[in-house]
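This report covers a sheet and the helices that pack in the same chain. Please look over the sequence and the model before reading on.

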Amino acid sequence: MYFIGEEEQQAVLEVVKSGGLCRYGPAESKVTAFENGITEKFNVEYALATNGGTSSLIVALYAAGIGLGDEVIVSAYTWIATPASVVIANSVPVIAEIDNSLTIDPNDIEAKITPRTKAIIPVHMIGVPSNMEAIKTIAEKHNLMVIEDCAQAIGAGFKGARLGTHGDIGCFSLQQSKIITTGEGGIVITNNEELHDRARMIHDGGNLWGISKHTSAFFPGMNFRMDEVRGAIASVQLTRLDGFIENMRIRKHKLREAIADVDGIELRKIHDESGDASTTMVFFLPTPDLARKFGEVMGKYGVPAGAMYTHGNGDKHVYPGWDYILQKKTYHPNGLPYTYPAYGDIQYSDRMCPKTLDYLGRAICIGIGHEMSDETIDKVANAIRSAAKDTL
Ligand SMILES: Cc1ncc(COP(=O)(O)O)c(C=O)c1O
């Protein structure tokens, strides 16, 4: 759904002609300008641009001081990068169910807390906010960090504040399939100066370019910096963000209106409709079998569709597809973090979150583009109506 226009081309040309491709070259860095644009738009104190969403999660986990012996609760429905980054931070992901919002189920978070739990990663999947109120209440009660994975919901909100500003740290991806893009890229935001300084150190070889109260915590870092070409594109894309979301909202509203009279399907719960980025419309059928048939009929009407999960499909957005996590594979033969004795016997199985598989097995997802035409909306609505008539 990405859109790159004339302004992005001009911005790239300007950087390339200037010869300052690294953020530390030019007097006025494009990356810094982008970070300032984020703090302003998101009403947040600190923003750090990175080279990817996965890098952003790793940076956030390291900044939060998560490591060996710790557990991090992650949603069973998220791209594999979320649990992978937890393992890369030397800690163990604990997989929690989603509910009918397709975001993490607060009840299951509570059920999965142990003395080792240090953080929760709610993931605002396919444009929709997690229940941040309930998650924050649990986190405060148990003294846990909240790291929001906003990779698929940049610009979306919850109860009046943008996603990424509700927890301790917010992580974003600017990879090409996201709402705004630099091809690859990411952002880490926080209101906590120490977390921000630690994030800067980790993302930049441990160096801290500037003076900080937190320099005593110096430690080795990686290099996840964003470059100037991407910084320049990112700033232009940021100016488009709210327009994209507004256009998708209008289109989603039209589609919902057009199918309002269809019985037998249940729309995905959305914790705050006004915060929905509206990149998708999801509805549930009563059974996985009906979802499969429903999708087939929609296909006959020219709108390819199918259940969001079928067993064995290997989709790495749903935990059974997280092969190297479920098999506890790591880069080193010592098997850490999984073999660290404090964890005891860690058990994963592809059936461990049955509610998640049930919801996704009965769900059909329609993508909403910001340029979706009225004809396409009619075609999709007609396919849904026809499938309901034929199958329900
Ligand atoms: C929910 C989620 N988390 C993390 C990532 C990782 O982002 P990236 O591909 O930029 O590393 C993605 C996207 O790919 C994602 O969808």
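## Burial and the first strand

A residue counts as buried when its relative accessible area is under 20%. By that cut-off, four of the five residues of strand 1 are buried, so the strand is mostly covered. The model is a predicted one.

Strand 1 pairs with strand 9. The two run antiparallel and share five bridges. Within this pairing, Tyr-46 sits opposite Thr-190 of strand 9.

## The sheet

The sheet is open and has seven strands. Their order is 1-9-8-5-4-2-3, and the pairing is mixed. Strand 1 (46-50) and strand 3 (92-96) form the edges. Each has a single partner strand, so one side of each lacks a neighbour in the sheet. From one strand to the next, the twist averages 25 degrees.

Strand 4 (residues 117-121) and strand 5 (residues 145-149) run parallel. Two bridges join them. Ile-120 has Val-146 in strand 5 as its bridge partner.

## Helix 3 on the sheet

Helix 3 (residues 53-63) packs on the sheet. It touches strand 1, strand 2 (71-75), strand 4, strand 5, strand 8 (169-173) and strand 9 (186-190). The direction of helix 3 makes about 165 degrees with that of strand 8.

## Helix 3 against helix 4

Helix 3 also packs with helix 4 (residues 81-88). Their axes are 9 Å apart, and the angle is about 40 degrees. The two helices are therefore oblique to each other. Their crossing is right-handed.

Helix 3 contributes Thr-54, Leu-57, Ile-58, Leu-61 and Tyr-62 to the contact. Helix 4 contributes Ala-81, Thr-82, Ser-85, Val-86 and Ile-88. Seven of the contact residues are nonpolar, three are polar and none is charged.

## Helix 9 against helix 12

What angle do the axes of helix 9 and helix 12 make where they cross? Roughly 130 degrees. The axes of helix 9 (residues 288-300) and helix 12 (residues 374-391) come within 8 Å. This pair is therefore oblique, and helix 9 passes helix 12 in a right-handed crossing.

On helix 9, the contact uses Leu-290, Lys-293, Phe-294, Val-297 and Met-298. On helix 12, it uses Ala-383, Ile-384, Ser-386, Ala-387, Ala-388, Asp-390 and Thr-391. The contact between helix 9 and helix 12 has eight nonpolar, two polar and two charged residues.

Note on methods. Residues numbered from 1 in each chain as written. Predicted model: local features only at pLDDT ≥ 70, side-chain atom pairs only at ≥ 80, totals over all residues. Heavy atoms only, no water. Pairing = 2+ DSSP bridges. Axes fitted to C-alpha atoms, helices over the stretch in contact; angles between N-to-C directions. Contact = heavy atoms within 4.5 Å. Buried < 20%, exposed > 50% of the residue type's maximum accessible area, 1.4 Å probe, protein only. Parallel < 35°, antiparallel > 145°, perpendicular 65-115°, else oblique. Left-handed = near helix turned anticlockwise from the far one by under 90°. Nonpolar A, V, L, I, M, F, W, Y, C, P; charged D, E, K, R; others polar.
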